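Work through the exercises below with the sequence and coordinates open. Each task is followed by a solution in steps.

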Amino acid sequence: MTDLRRNVPISPGAVRAAAGAVLELAGADAVEVVVTSSLIGLTRFARSRIIQNTVRNDVRAYVRVVDGDRVAVAATNQLGSDQMLRAGGRALEAARATPPDPDFPGLPSPSRVGQADGIFRWDETTAGASPARRAEAVQAILRASGSDNAAGVFETSAHCYSVINSLGVECFDAYTRCVTTCLVDDGAATGWGEASSHAIEAVDVERAARTAAGKASRGHDPVEAEPGTYEVILEPAASAMLMEYLSYMGMGAKQVVDGESFLASRSGERVASDEITVADDVFDDHSVGIGFDLEGVPKKAVTVIDHGRAVGPVTDLRTAPKLGLAPTGHYSGSSEFGPYASNVVLRPGDESPEELMAGVDDGFLITRFHYVNVLDRPSTLLTGMTRDGIFRIRGGEIAEPVNNFRFSQSVLEALGATSAVGNDATAFAPDYGSFGSNVAPSLRVGAFNFASTTTH
């Protein structure tokens, strides 16, 4: 196991001691303890000055108790023996009052699923970053932006996850993450830049700031463009958001079982161009995550779309038998939601961003999307808006800025119309929470539907 030294939010020994207090709970057939802990430092800036610094240290234990085919969970944020026993008692009481769950697959054992190893995507400097270190990074962002109206965050964090059960499963993993965002608003236009990695030294804050400032400067005096279907270049932030929504809409086995996923009707079929391979792969060099799911089942890399062909969902112990598949270690912690692909990777291609753009005679360059909503899960239809930098492409070069569009677009149809994939694979933290990551490069998409324009 990696030596996590002084900055780990909670040690494996402390987790083992907390779980040991309740694993042999009297009256329970089996007990599982999931412990999560995080130390998050966030420095926020607006109008080109620091406005907030927060440090949050959280720990929580979830005690799941099995009584025959009845199961319930209780949580506590105190890991003392008395508190853990009280949580176990609440869970046992709730389980006995819960209707039977005939689909409950039982807790995993090492003989059944193996024993998971941690990945430990850990950087000690990131874990120990002080408010002063974050303030230095913000000052570098502000200098590089050259703006008196820049806003964003610089965040460093450390996270631990552990699963221990009474059948012998015991696993522990930890990771760090650094995230920066920068929005420059010069009064005439806005621009966006961001960066993310498990290691603080790998996050180029000055580049993110310069990117944001350049987009804003180039975005002055935008023109109105007619809505319609156009060829586009999606920069990595835009591609990654499509991948995050694709995961939510249909990469999990529960959606397949319920008939809500494209994989329910199109498994084995071509759903994207040959250029497209999408996987859930926590082991990718850019990914940040843990080596097991929230039941302690070892996580596997799962290809969901293989060179354009739909090949299968991620699964957990409950859903895998229903589809005749093996569990892939993607239990989300919720039987209602089902397994979740939390480390989506759109595999990169061979073309540089410049080569991608050179292939577009008339189209648009898209920085990112916002206000995205699902219109239809099985068809992967989304709506949303472009934001913080959209430019006309003419003859393979960036031309004039244009006002933002609202789009209505199927993710799969966009992937089906993709003619080239960039070599600029970029890591992104999730929009909400701190679990998982998305990795995506730029895409050249031959047909993307803009339903209407906006007034800015």
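## Exercise 1: a strand pair and its sheet

Strand β1 (residues 30-46) and strand β4 (residues 150-165) run antiparallel and are joined by 14 bridges. The model is a predicted one.

Task: Find the residue of β4 that stands opposite Val33, then place β1 and β4 in their sheet.

Solution.
1. Opposite Val33, in β4, stands Ile164.
2. The sheet is open, has six strands and follows the order β3-β2-β1-β4-β5-β6. Its pairing is antiparallel.
3. The edges are taken by β3 (70-76) and β6 (190-197); each has a single partner strand, so one side of each lacks a neighbour in the sheet.
4. From one strand to the next, the twist averages 15°.

## Exercise 2: helices on that sheet

Task: State which strands helix α1 lies across, and do likewise for helix α2.

Solution.
1. Helix α1 (residues 12-20) lies across β1, β4 and β5 (170-185). Its direction makes an angle of about 50° with β4.
2. Helix α2 (residues 81-96) lies across β1, β2 (49-67) and β3. Relative to β3, helix α2 runs at about 150°.

## Exercise 3: a mixed sheet

Task: Give the strand order of the open sheet with mixed pairing, and identify its edge strands.

Solution.
1. The order of the six strands is β10-β9-β8-β11-β18-β17.
2. β10 (309-310) and β17 (426-428) are the edge strands, pairing on one side only.
3. Inside the order, β8 (residues 278-280) and β9 (residues 302-306) form an antiparallel pair over three bridges. In this pair Ala279 faces Thr303 of β9.
4. Helix α7 (residues 236-250) lies across β8, β9, β11 (343-346), β17 and β18 (437-440). The angle between helix α7 and β18 is about 125°.

## Exercise 4: the partners of β19

Task: Describe how β7, β15 and β16 pair with β19, with a residue pair for each.

Solution.
1. β7 (residues 228-234) is joined to β19 (residues 443-453) by six bridges, in the antiparallel sense. Val232 has Val445 as its bridge partner.
2. β15 (residues 405-410) also runs antiparallel to β19, with three bridges. Phe407 is bridged to Phe450.
3. β16 (residues 418-421) pairs with β19 over three bridges, again antiparallel. Ala420 stands opposite Arg444.

## Exercise 5: the setting of Thr380

Task: Decide whether Thr380 is buried or exposed, and list its contacts beyond four places in sequence.

Solution.
1. Thr380 sits in the loop between β12 (362-376) and β13 (381-394).
2. The relative accessible area of Thr380 is 0%. Buried means under 20%, so Thr380 is buried.
3. Beyond its neighbours within four places in sequence, Thr380 touches Leu246, Met249, Phe262, Gln409, Ser410, Val411 and Leu412.
4. With Ser410 there is a side-chain polar contact of 3.1 Å.

## Exercise 6: the whole chain

Task: Compare the radius of gyration of the protein chain with the globule rule, then describe its contacts and surface.

Solution.
1. The chain has twelve helices and 19 strands.
2. Its radius of gyration is 23 Å, close to the 23 Å that the rule gives for 456 residues, so the chain is as compact as a globular protein of that length.
3. The C-alpha trace spans about 70 × 55 × 35 Å along its principal axes.
4. Of the 456 residues, 54% are buried.
5. Of the contacts between residues at least 6 apart in sequence, 74% join residues at least 24 apart.
6. The accessible surface is about 18,400 Å², with 47% belonging to carbon and sulfur atoms.

Terms used: Residues are numbered from 1 along each chain as its sequence is written. This is a predicted model: local features need pLDDT of at least 70, side-chain atom pairs count only at pLDDT 80 or more; totals for chains, interfaces and linings use all residues. Side-chain values use heavy atoms; hydrogens and water are left out. Two strands pair if DSSP finds at least two bridges between them. Helices (H or I, at least four residues) and strands (E, at least two) are DSSP runs, numbered from the N terminus. Contact means heavy atoms within 4.5 Å. Axes are lines fitted to C-alpha atoms, for helices over the stretch in contact, and angles run from 0 to 180 degrees between N-to-C directions. The radius of gyration is taken over C-alpha atoms; the globule rule is 2.2 Å times the number of residues to the power 0.38. Buried means under 20% relative accessible area, exposed over 50%, partly exposed in between (1.4 Å probe, protein chains only). Accessible areas come from the Shrake-Rupley method with a 1.4 Å probe; for residues, only the protein chains shown count as cover. A polar contact is a pair of N or O atoms within 3.5 Å; within protein, one must be able to donate a hydrogen and the other to accept it, and residues adjacent in sequence count only if both atoms are side-chain atoms.
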